[in-house]
Amino acid sequence: MPSVPSLEELVDVDILQRIQDWFAATTGLTTRVRDTAGRPVTQVSGMTQFCELITENELGRECCRESHRYAITALRDSDEPVRYDCHAGLLQIAAPIRVAGQLVGMIVVGQGPEARLSDEHVEALAERIGVSPQRLKAAARHLTIWSDETTRRQATVLTSIATTISQLSYRGYVLRRNLEELSALHDVSVALTSAEALQETLDIITKAMSETLHVKACSLRLLNEAKNTLDTAAYYNLSEKYRTKGPVAMGDSIYDKRAIEGGVVKVKNVRVDPNFRYREEAQEEGLVSMLCMGLISHGRPIGAVRVYTDHEHDFTDPDVELMRSLASQAAIAIERARLVEELQATNTRLREMYEQAVAVQEQLIQSERLAVMGEMAAGVAHEVKNPMSAIYYVGADIRDHGASMEPEQLREAADRIMKEVKRTIAVIDEVREYAKPVGVEGAEPVELAALVEEVLSLMRFDKDARGVKLINECARDGLQVVVNRDKMKQVLINLVRNAADATRPPDGQIRVSAHEEDGCAVIRVIDNGEGIPPDVLSQIWERFFTTRGPAGTGLGLDISRRIVSAHGGTIEVESEVGKGSTFTISIPMGHG
């Protein structure tokens, strides 16, 4: 867990100096704040001439530091002021400055003896640290003698001052930690938002939890509801051997079960805890204390996360709250990553379905083209053979005997040729107008709203529909009609594609609706495109007629009408130039 920062980092040194100066001026006592190594944090307040002489050289200063290091050692296990004599024989009183239970420094007062210092003592001290004995003895005569009562009063006041500094330091510590946690949460949030793949998200979570909570390692397992296990998902700073322990059955892990149910699990030492399954492995890994909680998304558990320290640690309430915040972010990010992957998979499947549908439609169109051409060829061959033969023989007769034929005979021959030509033209017209209905097999109840949504989902990948808004206006009322699903989908794809070809982005839109009307299922495909001119509108149902140039086959609408007719229905169009077109399909509800 994070160590408490130094006293200089927690409180402005100028503030400490002002507090210390006020105390020294009020009590007349020499005062100084020192860190946990005995080094001075502030400038000394009210220093006596005696101590100034002692600290003139480095040897004297080091002797003072050594004296204060003794005090620091004594204060580590005590909340009460400590009395001690420094190397010069002066009484010192030190009170601890603690933040979050951790010693960060001390405030020291003193530089006065409990009895007058003898000349022999001062001379020995001067010789040891290398200062003038005469000057040091003169300064010693001005030292204030401390009585027991004075010592008790000083200790009481000093405790109060130390408490004030501790409280001020603790507030700085809390503020600092809150800022660090907020910054860490922000950084984690940014990292999770930028992650795209699920595994990348999981790796960010385990690393972020370890670094933010200042722990050794982190592990994350996801709930497998089908098997009722927690499966390994991500680890940070754990060995390969530890990571490959395999899934954990929910019934085998008391701690994971408690975490999944919303509890918080704290273990002081996993190496000796009887409910921790992998004690030996934890010892090899250097794991000691553990904090575990569940990953909850929308009230539903999706996994569990653990953090480990490398030393015994009592996890605090702030630790738990910070981890809970990280776990909440993690759960949201995991669900988001899962959704993105599911959408990507769905998108891939839809694209494949679309490509298959396009390929099938092209095959169907080609098959229809060949079938129609075969029908036409057979019909033309049968119906045109006789008149063409008659024309041939009449022409041959004129060629061979025209010079000797009477005008009336020539007129009769010409009339016969014209009659046969007219008959041939009629046959051709009849073949062009002829549209034999296709049979429909495999008809089944189909929910129209779902069928329309499937068609629009496929068409969103069509290059002609890019930038055009596709709107499903079908009511979700479960309206069904008995049709061949694939053939009816072919009809709708053809109509939507034609509408897209006539509609221009960015304002273009195509709306598809379905409802029951007068015993029929009525489907409308409505666009706000350029509309169909009247002269073209009259030809759109003709076989091989197209306005799309080489890109069109002229068979789409004819095939669509034949499919709808095979279902016992009708297909009609209304259009206005500049406003758009509406194709309406009506199929009897009782058909099939």
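# Exercises on a predicted model

Pro-506 lies in the loop between helix H15 (485–501) and strand E14 (509–517). The model you have open is predicted, and the exercises below start from that loop.

## Exercise 1. A peptide bond in a loop

Task: Find the residue joined to Pro-506 by a cis peptide bond, and give omega.

Solution. Begin in the loop between H15 and E14, where Pro-506 sits. Then look at the bond between Pro-505 and Pro-506: it is cis. Its omega is about 5 degrees.

## Exercise 2. Two histidines with positive phi

Task: For His-214, give phi and the place in the chain, then decide whether the residue is buried, partly exposed or exposed. Do the same for His-298.

Solution. Take His-214 to begin with. Its phi is near 60 degrees, a positive value in a residue other than glycine. His-214 is placed in the loop between helix H8 (198–213) and E5. Its relative accessibility is 41%, so His-214 counts as partly exposed.

Now turn to His-298. Here phi is near 55 degrees, again positive in a residue that is not glycine. The loop that holds His-298 runs between strand E9 (290–297) and E10. With a relative accessible area of 82%, His-298 is exposed; the cut-off for that class is over 50%.

## Exercise 3. The largest cavity

Task: Describe the largest cavity by its volume, its lining residues and the elements that supply them.

Solution. Start with the whole structure, where a search finds three cavities of 30 Å³ or more. The largest cavity has a volume of about 200 Å³.

Next comes the lining, made of 19 residues. Nearest the centre of the cavity lie Arg-221, Val-248, Asp-256, Arg-306 and Tyr-308. By residue type, the lining divides into 11 nonpolar, three polar and five charged.

Finally, assign the lining to elements. Strand E5 (217–224), strand E6 (229–236), helix H10 (254–260) and strand E10 (300–308) supply at least two residues each. E10 gives the most, with four residues.

## Exercise 4. Aromatic pairs

Task: How many aromatic pairs does the structure hold, and why is the pair of Tyr-70 and Tyr-84 classed as it is?

Solution. The structure holds two aromatic pairs. For Tyr-70 and Tyr-84, the ring centres are 6.0 Å apart and the planes are at 65 degrees, so the pair is edge-to-face. The angle cut-off for this class is over 60 degrees. The pair links distant parts of the chain: Tyr-70 belongs to helix H4 (residues 58–75) and Tyr-84 to strand E2 (residues 82–85), 14 residues apart. Tyr-70 counts as partly exposed, at 48% relative accessibility, whereas Tyr-84 is buried, with a relative accessible area of 5%.

Phe-276 and Tyr-308 also form an edge-to-face pair, with 6.5 Å centre to centre and 85 degrees between the planes. This pair too links distant parts of the chain: Phe-276 is in the loop between strand E8 (264–267) and helix H11 (279–285), Tyr-308 is in strand E10, and they are 32 residues apart. Phe-276 is buried, at 2% relative accessible area, and Tyr-308 is buried as well, at 1%. You have met Tyr-308 already, among the residues nearest the centre of the largest cavity.

## Exercise 5. Nonpolar cores

Task: Which residues touch the most other members of the largest nonpolar core, and which contacts does Val-496 make?

Solution. The largest nonpolar core has 47 residues, and Val-496, Ile-510 and Ile-585 touch the most other members. Leaving out residues up to four places away in sequence, Val-496 touches Val-455, Leu-456, Met-459, Leu-470, Ile-510, Val-512 and Val-525. Another core, of 27 residues, lies apart from this one, and its members include Met-293, Leu-326, Ala-327 and Ala-337. As background, nonpolar side chains in soluble globular proteins tend to be buried together.

## Exercise 6. An enclosed helix

Task: Why is helix H17 (residues 556–566) described as largely enclosed by the rest of the structure?

Solution. Count the buried residues: nine of the 11 in H17 are buried, so the helix is largely enclosed by the rest of the structure. The cut-off for buried is under 20% relative accessible area. The buried residues include Gly-556, Asp-558, Arg-562 and Ala-566. To finish, look past the helix: H17 is followed by Gly-568, which has a positive phi near 80 degrees.

Key
Residues numbered from 1 in each chain as written. Predicted model: local features only at pLDDT ≥ 70, side-chain atom pairs only at ≥ 80, totals over all residues. Heavy atoms only, no water. 1 Å grid on protein atoms, 1.4 Å probe; cavity = no way out; pocket = protein on both sides within 12 Å on 5 of 7 lines; lining within 4 Å. Points joined across faces, edges and corners; volume = space filled by probe spheres on them. Nonpolar A, V, L, I, M, F, W, Y, C, P; charged D, E, K, R; others polar. Phe/Tyr/Trp six-rings, centres within 6.5 Å; stacked < 30°, edge-to-face > 60°. Buried < 20%, exposed > 50% of the residue type's maximum accessible area, 1.4 Å probe, protein only. Core = buried A, V, L, I, M, F, W, Y, C linked by side-chain atoms within 4.5 Å. Contact = heavy atoms within 4.5 Å.
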